[in-house]
Amino acid sequence: MIQYIVNICVKVRFCASALAIYCIFLVKGVKNMYLLSVFSDFLQDFKQAIFSFDKISDLLDVLLVAFLIYSAIKLIRETKAIQLVKGAILLVVLYAVVSLFEMQLSKYLLSFVFNDLLVILIIIFSPEIRHALESVGRSSVSKLNIFNFVNKDNIFKKEKIVSSINGVCKACAEMSDKKIGALIVLKKETMLGEIIDTGTLVDATVSAELIGNIFFPKAPMHDGAAIIEDGRVVAAGCILPLTNNTNISSELGTRHRAAIGMSEFCDAIVVVVSEETGSISVAEKGVLKRGISDGDLREILMKSFIKDDSENTGIFKKIFRGNKNEQ
């Protein structure tokens, strides 16, 4: 069925021109059997495509391909991979031109690239592929609250996260006033075992006093980052990857570059307190928001880690609620 659609798309433009010319010939009293045959073939292909359509398999096939293409574009759109894609397209165009003009030597050299194209693409796009697989792994079916069951463990976990957010915001406000530098990573879904191993295990409940002690000047772990997971300080003094982005401001120091790099590496939210100015910044998905207040920080963290109750409503409950509203 798909091949018929492709054939139709190729012929549509030609048939439109042929139909226009045919109309002109009719006006002038001239009949062209070739144009009639082309138009007839087009109608035959269109009819065959319609009748060969399998409602279930073909529809799922088209939707799956469209979703994969959309996901690939969305994945590379805001990364450096888009430049690599442009380069690959230019290489394909070059190969087509070389083949068209039968340039044997150039074609022979380019053939080495295209023979191992799959391996080359996997190597080049390995960070993007890893990020895509991590995103799929985070999309767990178990997270779908179909019947809206109340889980006491989730309520307790939510209270712990709210308490930790309050502790982080209070600590950042105090460190901002005293111009004490800090770097705090709040884990979401991506596993951070590699980062945690670079620091010292703490495993303590989050509090403003604990965070203040970790980042107190000349304290053993004040230069690294603190990792917070599920309302607990897992580790401190951790080393974060620096960003490779060359377009960031030269005013930003190592802490801010590490915050941006960490937010590019995973889905965590990274909070930075500047040692020079005392300003609070937040890095998420490679974007740094600078000069925010502790109130803004709390709003950002609450929005990221505490879902609204309406979002947690079960699927069936939403359907029934919608039916009641219609009545």
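# Close-up views of a predicted model

**View 1. Asp203 and Arg232 join two strands.** Asp203 has a relative accessible area of 53%, so this residue counts as exposed. Please keep in mind as you look through these views that the model is predicted. Asp203 has a salt-bridge partner in Arg232, and their closest N and O atoms lie 3.0 Å apart. Strand β2 (residues 200-205) holds Asp203 and strand β4 holds Arg232, so this pair ties together parts separated by 29 residues in sequence. Arg232 is partly exposed, at 29% relative accessibility. The cut-off for exposed is over 50%, and Asp203, at 53%, passes it.

**View 2. Lys187 meets Glu229.** Which residue forms a salt bridge with Lys187? The partner is Glu229, with 3.6 Å between the closest N and O atoms. Lys187 belongs to the loop between β1 and α9 (193-196), while Glu229 is part of strand β3, so the bridge ties together parts 42 residues apart in sequence. Is Lys187 buried or exposed? Buried means under 20% relative accessible area, and Lys187 comes out at 13%, so this lysine counts as buried. Glu229, on the other side of the bridge, is partly exposed with a relative accessible area of 26%.

**View 3. The surroundings of Lys187, and Lys188 beside it in sequence.** Stay in the loop between β1 and α9, where Lys187 lies. If you set aside neighbours within four places in sequence, Lys187 touches Leu192, Ile228, Glu229, Ala268 and Phe305. Glu229 in this list is the salt-bridge partner from the previous view. Phe305 also has a contact of another kind to look for: Lys188 lies over the face of its ring, 6.0 Å from the ring centre. If you would like to search for paired aromatic rings as well, the count of such pairs is zero.

**View 4. Arg255 and Glu275 bridge a helix and a loop.** Here the side chains of Arg255 and Glu275 form a salt bridge, at 3.2 Å from N to O. Arg255 sits in helix α11 (residues 254-265) and Glu275 in the loop between β5 and β6, so the two side chains tie together parts 20 residues apart in sequence. Arg255 is buried, with a relative accessible area of 17%, whereas Glu275 is partly exposed at 43%. A search of the whole structure gives four salt bridges, among them this one.

**View 5. Glu276 in the loop between β5 and β6.** Glu276 has its place in the loop between β5 (269-273) and β6 (280-284). With a relative accessible area of 62%, Glu276 is exposed. How far apart in space are Glu276 and Ser176? Their C-alpha atoms are 9.8 Å apart, although 100 residues separate the two in sequence.

**View 6. The largest nonpolar core.** This core has 32 residues, and the members that touch the most others are Ile184, Ile211, Phe215, Leu297 and Leu301. Two or more residues come from each of α8 (152-178), β1 (182-186), α10 (208-214), β3 (225-229), β4 (232-238), β5, β6 and α12 (294-305). Helix α8 provides the largest share, with seven residues. In soluble globular proteins, nonpolar side chains tend to be buried together.

**View 7. Ile211 and a second core.** Ile211 is a handy residue to centre on, being one of the members with the most contacts to others in the largest core. Beyond neighbours within four places in sequence, Ile211 is in contact with Gly167, Val168, Ala171, Met175, Ile184, Val206 and Ile228. A second core, separate from that one, has 23 residues, including Ala225, Leu252, Ala268 and Val272.

**View 8. The whole chain and its confidence.** Stepping back, you will find 13 helices and seven strands in the protein. Of its 327 residues, 29% are buried. Among contacts with a separation of 6 or more, 62% join residues 24 or more positions apart. The mean pLDDT is 76, and 66% of the residues reach 70 or more. Which stretches deserve a second look? In residues 1-6 pLDDT stays under 50, and the model has nine contacts beyond four places in sequence for them. Residues 140-150 also stay under 50, with 16 such contacts.

Methods
Residues numbered from 1 in each chain as written. Predicted model: local features only at pLDDT ≥ 70, side-chain atom pairs only at ≥ 80, totals over all residues. Heavy atoms only, no water. Helix = DSSP H or I, 4+ residues; strand = E, 2+ residues; numbered from the N terminus. Buried < 20%, exposed > 50% of the residue type's maximum accessible area, 1.4 Å probe, protein only. Core = buried A, V, L, I, M, F, W, Y, C linked by side-chain atoms within 4.5 Å. Contact = heavy atoms within 4.5 Å. pLDDT = per-residue confidence, 0-100. Phe/Tyr/Trp six-rings, centres within 6.5 Å; stacked < 30°, edge-to-face > 60°. Lys NZ or Arg CZ within 6 Å of the ring centre and 35° of its normal.
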